[in-house]
Amino acid sequence: MPGDRRGSVPEQGPVPVQGPEPEAGSERGAPSSGGAESGRGRSSRTGGRGRRRPSWARALRPSGLNRAPGAVPAAREAGPYLTPAQAFDALYAYCAPALVRQAYLLTGRRDLAHESVERAFQRAWDRWPEVARDPDPAGWVRAAAHDWALSPWHRFRRRYRHPEPPPPDEHDRALLDALLSLPPPYRRTLVLYDGVGLDLPDTAAETEASTRAAAGRLLYAREVLAERLPEPAGPQELHDRLAELASSGRTRAAEPAAVRVGGERRARLWTRTAAAVTVVLIGSTAMTLHTAPTHYVPPVPPGESVRGVPPRAAPGGPLSDEQRELRDRLRDALLDGPERLTPEAR
């Protein structure tokens, strides 16, 4: 239970504050998560590729070189150490808005994007000691959110059988249709590389593919988008257009406290369900052992009519007086006569 986890977290040591929370910017954000800019040298890589840093990344990390790998901005006035709930809230505030945008690019559905991010953070809260020790907590949550968003089981859910209303802008509609026409692994590779800003080895590792396979997926995805988009777009233009598409519409994430409470409630529900199923299995097993026979009892065959047996012969007629007298004498002698003890020699 999450309550038990809070008691066990101090054994691993308190979570240090990495620094004060940076001031927010005024420009509109792009679809990149906190994990994409933390813990893997994203700032130097971005400068090498000549890509300008998205406005949301400047707002959250004005100086990427001053932050340690995997660091997450802490809440203000949090003190020298963070409790597990405070660290989770800081990670959620740092990553959730960008993850909602990324999940929208992967699915084309706002509701599914929010659900994917909430489930990913609920899973992170359920495994918080593991996530807290991870070198890149933001990358851990991003991978979980992308896995949930691209799960093939959503097609069988009634609420996701019909598409959502398309974006109002014509160019955004064309880009979203082109993205959704790609197979999920290709779509995820394109979003991670051109949207989030991961390099090719990190993209291949997160999509569980080789570097050569990730490069082939990326080139194929770019070719499909170049054919289906009315205007050609290079890597920088594609990045900007992905940012505009992901930032359109409702991208506000839920409150971190609500996500934590929802995760705890879900964990309690699953625990009670597992306990109930276990009790039912134990009861049915005990009943079976009590009522099951201990030895083999052969079944009684059903009766059958036998034909061809001759009927029993009747006597030759009524007995005469002499025969009845003889019968009576024989019956009396057999019951209480001396002949039963000492046979007579004749």
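This passage walks through a predicted model of one protein chain, from overall confidence to the packing of its helices.

Residues are numbered from 1 along each chain as its sequence is written. Because the model is predicted, local features need pLDDT of at least 70 and side-chain atom pairs count only at pLDDT 80 or more, while totals for chains, interfaces and linings use all residues; side-chain values use heavy atoms, leaving out hydrogens and water.

A good starting point is confidence. The protein chain has a mean pLDDT (the predictor's confidence in each residue, from 0 to 100) of 74, and 70% of its residues reach 70 or more. Over residues 1–70, pLDDT stays under 50, although the model has 165 contacts beyond four places in sequence for them (contact means heavy atoms within 4.5 Å). Where pLDDT is low, the predicted coordinates should not be read in detail.

The secondary structure consists of 14 helices and two strands, taken as DSSP runs numbered from the N terminus (helices: H or I, at least four residues; strands: E, at least two). Among these elements, mean pLDDT is lowest, at 32, in helix α3 (residues 55–60) and highest, at 93, in helix α7 (residues 137–149).

Helix α7 deserves a closer look. Its 13 residues reach 18 Å from first C-alpha to last, close to the 18 Å expected at 1.5 Å a residue (1.5 Å times one less than the number of residues). Eleven of the 13 residues of α7 are buried, so this helix is largely enclosed by the rest of the structure; buried means under 20% relative accessible area, with a 1.4 Å probe and protein chains only. Among those buried are Trp140, Val141, Arg142 and His146. Across the 346 residues of the chain, 40% count as buried.

Val141 also appears in the largest nonpolar core, a set of buried Ala, Val, Leu, Ile, Met, Phe, Trp, Tyr and Cys residues joined through side-chain atoms within 4.5 Å. Of its 49 residues, Leu91, Phe121, Val141, Leu179, Leu190 and Leu225 touch the most other members. The largest share of this core, 14 residues, comes from α4. Leaving aside residues up to four places away in sequence, Leu225 touches Leu175, Ala178, Leu179, Leu182, Leu190 and Leu238.

Leu190 and Leu238 meet again where α9 and α12 pack. The axes of α9 and α12, lines fitted to C-alpha atoms over the stretch in contact, lie 9 Å apart at an angle of about 100° (angles run from 0 to 180 degrees between N-to-C directions). That makes α9 roughly perpendicular to α12, a label covering 65 to 115 degrees. The contact also involves Asp194 and Gly195 of α9 with His239 and Leu242 of α12.

Technical notes. Buried means under 20% relative accessible area, exposed over 50%, partly exposed in between (1.4 Å probe, protein chains only). Angles under 35 degrees count as roughly parallel, over 145 as roughly antiparallel, 65 to 115 as roughly perpendicular and the rest as oblique.
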